[in-house]
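These entries record what I looked up in the structure. I began with burial and then turned to the pocket, the surface and the backbone.

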Amino acid sequence: MIVYGASGHSKVIIDIVQSNEQQTVNFIIDDNPQIKELLGFKVLHSFPMDVDNESIVFAVGNNQTRRFLAKKYPLSATKALVHATAVVSQYSEIQGGTVV
């Protein structure tokens with residue numbers, strides 16, 4: 001999974017991903033070239049060429065910026081993230097891009 005953003009919200013997203021054994025953070029992308037690492041993960045500053053089948057989560061707190069990024073990088077593999085300890089109704093429907 002690709003995490004786009006390397007700040008406070010990213011830490012929350014990384015925690016959610018790590019709570020689920022079937023998911024892993026492959027790398028983080030951030031526009032700030034001064035950020036080299038976050039929670040032990042290398043931070044890249046552009047997308048590698050081979051990310052076609054990767055899931056991505058936009059870990060940016062600002063809603064407008066998240067919307068802009070989702071339009072700029074329309075990767076179809078965007079998943080919903082649910083923390084392993086979250087209580088979610090069996091009758092609920094959680095779609096891609098949602099974070100619980």
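I count a residue as buried when its relative accessible area is under 20%, as exposed when over 50%, and as partly exposed in between. I note at the outset that the model is predicted.

Entry on Phe 27. I located Phe 27 in strand S2, residues 27-29. Its relative accessible area is 14%, so I entered Phe 27 as buried. I also checked Phe 27 against Glu 93: they lie 66 residues apart along the chain, and 28 Å separates their C-alpha atoms.

Entry on the largest pocket. I read a volume of about 190 Å³ for the largest pocket. Its lining comprises 11 residues, and those nearest the centre are Val 57, Phe 58, Arg 66, Gly 97 and Val 99. Helix H1 (8-19), strand S5 (56-58) and helix H2 (63-72) are the elements that contribute two or more residues to this lining. Sorted by class, the lining holds 6 nonpolar, 3 polar and 2 charged residues.

Entry on the surface. I found a nonpolar patch formed by Val 88, Ile 94 and Val 100, with a combined accessible area of about 190 Å². Ile 94 belongs to the segment after H2. I entered Ile 94 as partly exposed because its relative accessible area is 32%.

Entry on the backbone. I looked up Leu 39 in the loop between strand S3 (37-38) and strand S4 (41-44). Phi of Leu 39 is near 50°, a positive value in a residue that is not glycine. Most residues other than glycine have a negative phi.

How values were computed:
Residues are numbered from 1 along each chain as its sequence is written. This is a predicted model: local features need pLDDT of at least 70, side-chain atom pairs count only at pLDDT 80 or more; totals for chains, interfaces and linings use all residues. Side-chain values use heavy atoms; hydrogens and water are left out. On a 1 Å grid over the protein atoms alone, a cavity is a set of points where a 1.4 Å probe fits but cannot get out, and a pocket is an open set with protein on both sides within 12 Å along at least five of seven lines; lining residues have an atom within 4 Å of a point. Grid points are joined across faces, edges and corners, and a volume is the space filled by probe spheres set on the points. Helices (H or I, at least four residues) and strands (E, at least two) are DSSP runs, numbered from the N terminus. Ala, Val, Leu, Ile, Met, Phe, Trp, Tyr, Cys and Pro count as nonpolar, Asp, Glu, Lys and Arg as charged, and the others, Gly among them, as polar. Patches are made of residues with over 30% relative accessible area and no salt bridge: like charges are joined within 9 Å, nonpolar side chains (Val, Leu, Ile, Met, Phe, Trp, Tyr) within 5 Å. Accessible areas come from the Shrake-Rupley method with a 1.4 Å probe; for residues, only the protein chains shown count as cover. A salt bridge is a side-chain nitrogen of Lys or Arg within 4 Å of a carboxyl oxygen of Asp or Glu. Buried means under 20% relative accessible area, exposed over 50%, partly exposed in between (1.4 Å probe, protein chains only).
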